[in-house]
Amino acid sequence: MPILTLSNIEKYYGTSYVVKNLNLAIEQGEFLTILGPSGCGKTTTLRMIGGFELPTSGSITLKGEDISGLPPYKRHVNTVFQNYALFPNMNVEENIAFGLKQKKGSEKMSQNRIQSRVEDMLAMVQMSDFRKRKPQELSGGQQQRIAIARAVANDPDILLLDEPLGALDLKLRKQMQIELKSLQKRLGKTFVYVTHDQEEALTMSDRIAVMNAGNLEQIGTSNEMYYHPATPFVAEFIGESIKFEARAKKTQNDGSALIDVGTMSFPISGKTHKNPLREGQKVVVFLRSEAIMLHPANTNTDAAFKGVIGDIIFVGSTRKYRVHIGNEITLTALETTLGAPQYAVGDEVQISWSADDCSVFEL
Ligand SMILES: Nc1ncnc2c1ncn2[C@@H]1O[C@H](COP(=O)(O)OP(=O)(O)O)[C@@H](O)[C@H]1O
Ligand SMILES: [Mg+2]
């Protein structure tokens, strides 16, 4: 049974919807990421799970119990925000202990138990040496560790994280992504993580739920999202692709076809689309930069296009070549820097890709 279920959740502000008919089942111990562009409804969804916002309709169950109407403090769910929201007048220990000291009645904790729990949390985020510091005496990454320790301290069923690494510089963010993921696996806790950064989502998640304008577009593993996008939006949002509006010709029973883009024509296999294509059907085709192969002009290849190198962008481990095919089409090819032949601006090249390597959708 899933630990958290969102059923037919809708959220309206006035007459405009922010989340539309959202159904989501999250498994115990899962790292689930809600990914989508700014304004698509990620934070609103997280706030509804946390109880800070009530859905207009639909229900939310946690461990089988309907929590839709419960106030935040009655849900066993904690949230970590991008801006950390640590108490500035409290030191690290006091920040982590704060929630534990609030517990009342049968849940009340002794001073000793609080202290030992704080010790465990400090060790977990490797911040034991910083226990007496105030938040402003810590770096951004250290503050975020404390915010996470504080949120995990009272053992919530689920941790909600809203762009928690957004304020960190790239290098620290990459390091914290790995730390957070390994922490989550060690704790065996369910994380619902929100980000607009597709690379972050692909790196960290067990599954990704892609949202667009209040709608859930697709839910699946990083691999499924990347190699089998279910919608044109997902194909365009994840990874770097070129998009062609084209027509399908010579459609075969095995799903293969020819794609006509202007004067260019190339084969696709049946793996590139779900529904059979009709002869002459308008389609949109996505082709990833890394699927495009460049060959020196004098190579003997069949099924290759002739092109000319336009610009070259050096990105460290890879090189991006913008390649013109005639006057109509410009592709971006991604090549590793090591081993591959290198081209200069103006070089003539041949360009190819496999018939399996596109995603094709009906228009
Ligand atoms: N309290 C509110 N009142 C009216 N509109 C809101 C409110 N909160 C969010 N919105 C709108 O809802 C949409 C989704 O917002 P949000 O969930 O914050 O998106 P995200 O976190 O994906 O960037 C945005 O268009 C935003 O302007
Ligand atoms: Mg947001």
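This report describes a predicted model of one protein chain with a bound ligand.

**Overall build**

The chain has 363 residues, 48% of which count as buried. Its secondary structure consists of eight helices and 20 strands. Taken along the principal axes, the box filled by the C-alpha atoms is roughly 75 × 45 × 35 Å.

**The ligand site**

Around ligand 1 stand Y13, V18, P37, S38, G39, C40, G41, K42, T43 and T44. By class, this shell holds four nonpolar residues, five polar ones and one charged residue. Helix α1, residues 42-50, gives the largest share of the shell, with three residues.

Three short distances between the protein and oxygen atoms of ligand 1 are set out below.

| Residue | Protein atom | Distance to an oxygen atom of ligand 1 |
|---|---|---|
| G39 | backbone N or O | 2.6 Å |
| T43 | polar side-chain atom | 2.7 Å |
| T44 | side-chain N or O | 2.5 Å |

On its own, ligand 1 has 560 Å² of accessible area, and the protein covers 54% of that.

Helix α1 itself is mostly covered, with seven of its nine residues buried. These buried residues are K42, T44, T45, L46, M48, I49 and G50. K42 and T44 also belong to the shell around ligand 1. Just after the helix comes G51, whose phi is positive at about 95°.

**The N-terminal hairpin**

Strand β1 (residues 4-13) and strand β2 (residues 16-26) run antiparallel and are joined by seven bridges. Within this pairing, Y12 has Y17 of β2 as its bridge partner. The two strands make a hairpin with two residues between them, and G14 in the turn has a positive phi of about 65°. Two residues of these strands, Y13 of β1 and V18 of β2, are also part of the surroundings of ligand 1.

**The mixed sheet**

Six strands make up an open sheet with mixed pairing, in the order β6-β7-β8-β3-β9-β10. Its edges are formed by β6 (77-80) and β10 (215-220), each of which pairs on one side only. On average, neighbouring strands here are turned by 20° against each other, direction ignored.

One pairing inside this sheet is parallel: β7 (residues 158-162) and β8 (residues 190-195) are connected by five bridges. In that pair, L160 is placed opposite V192 of β8.

**The antiparallel sheet**

A second open sheet contains five strands in the order β15-β19-β16-β17-β18, with antiparallel pairing. β15 (293-296) and β18 (329-336) are the edge strands, each pairing on one side only. From one strand to the next, the twist averages 45°.

Inside this sheet, β16 (residues 305-314) pairs with β19 (residues 348-352) in the antiparallel sense, over four bridges. The bridge partner of G307 in β19 is V349.

**Two loop residues with positive phi**

Most residues other than glycine have a negative phi. Which residues in the loops depart from this pattern? Q126 is one of them, with a phi near 55° although it is a residue other than glycine. E163 is another: it is not a glycine, yet its phi is positive at about 45°.

Q126 sits in the loop between α3 (111-124) and α4 (140-153). E163 belongs to the loop between β7 and α5 (170-187), and β7 is the strand that pairs with β8 in the parallel sense.

Are these two residues buried or exposed? Q126 counts as exposed because its relative accessibility is 64%, against a cut-off of over 50%. E163 has a relative accessible area of 12% and is therefore buried, the cut-off being under 20%.

**Drawing the site together**

The description of the ligand site rests on a few elements. Residues K42, T43 and T44 of the shell lie within helix α1, residues 42-50. Of these, T43 places a polar side-chain atom 2.7 Å from an oxygen atom of ligand 1, and T44 does so with a side-chain N or O atom at 2.5 Å. The backbone of G39 adds an N or O atom at 2.6 Å from an oxygen atom of the ligand.

Conventions:
Residues numbered from 1 in each chain as written. Chains lettered and ligands numbered in written order. Predicted model: local features only at pLDDT ≥ 70, side-chain atom pairs only at ≥ 80, totals over all residues. Heavy atoms only, no water. Near = heavy atom within 4 Å. Polar contact = N/O pair within 3.5 Å; in protein donor to acceptor, adjacent residues only side chain to side chain. Areas by Shrake-Rupley, 256 points an atom, 1.4 Å probe, with all protein chains shown as cover. Nonpolar A, V, L, I, M, F, W, Y, C, P; charged D, E, K, R; others polar. Pairing = 2+ DSSP bridges. Axes fitted to C-alpha atoms, helices over the stretch in contact; angles between N-to-C directions. Buried < 20%, exposed > 50% of the residue type's maximum accessible area, 1.4 Å probe, protein only.
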